[in-house]
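Please go through the structure below with a few questions on burial, strand pairing and the nonpolar core.

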Amino acid sequence: MSKQAVVPDLKESESDSRQITSVQGRLAEGVPGLKTPADLEGRNLVVLLGVLSGDIEIRTFASGSTLASFSLRVPERSGKNTSVPVALWDPPFDIGTYGQGDPVDLIGHVVRRFWSGAGGVRRSSVEVVADSLRMVV
């Protein structure tokens, strides 16, 4: 049986103030220092609601840190989907129960990484580093 995510449709007719207040309410415990809509200004803050595009890859490093990597499929208003690469450091213990097609929401920030590729070519990628992740029921 295929799982389908129920993703709320933000209508363009809704006011910015109402959307910010809604985001503020959902994020109150996940974003330190967020008390008023004005606190959102000037932050590198990402809020995503979508479904997992595939299974989560979990790696454990010699330092003891764990990294969960996955892609999140997020619907756009146009009806298309965007696949967003996500990294989550030291994920919750139940992360292994999450799988392809599961609806999740996350709070995080955008990071751009640089490295030298083959032949010394400078490369870069952009990903969301999640600060919190939860299954949407």
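Q: Does Thr66 count as buried or exposed, and what is the relative accessibility behind this?
A: In this predicted model, Thr66 is found in strand S3. The cut-off for buried is under 20% relative accessible area. Thr66 counts as buried because its relative accessibility is 18%.

Q: Which residues does Thr66 touch, not counting residues up to four places away in sequence?
A: Thr66 belongs to strand S3, and S3 pairs with strand S2, residues 57-60. Among the residues that Thr66 touches are Leu88, Trp89, Asp90 and Pro91. The others on its list are Ile58, Arg59 and Thr60.

Q: In S3, which residue is the bridge partner of Glu57?
A: Strands S2 (residues 57-60) and S3 (residues 66-75) pair in the antiparallel sense, over 4 bridges. They form a hairpin with 5 residues between them, and Gly64 in the turn has a positive phi of about 100°. The bridge partner of Glu57 in S3 is Ser69.

Q: Which strand supplies the largest share of the largest nonpolar core?
A: This core has 18 residues, and those with the most contacts inside it include Leu72 and Leu106. S1, S3, S4, S5 and S6 each supply at least two of its residues. The largest share, 4 residues, comes from S3.

Q: With which residues is Leu72 in contact, leaving aside neighbours within four places in sequence?
A: Leu72 is one of the residues with the most contacts inside the largest nonpolar core. Its contacts include Leu48, Gly50, Val51, Leu52 and Ser53. The list also holds Thr82, Ser83, Val84, Val86, Val104 and Leu106.

Note on methods:
Residues numbered from 1 in each chain as written. Predicted model: local features only at pLDDT ≥ 70, side-chain atom pairs only at ≥ 80, totals over all residues. Heavy atoms only, no water. Pairing = 2+ DSSP bridges. Buried < 20%, exposed > 50% of the residue type's maximum accessible area, 1.4 Å probe, protein only. Contact = heavy atoms within 4.5 Å. Core = buried A, V, L, I, M, F, W, Y, C linked by side-chain atoms within 4.5 Å.
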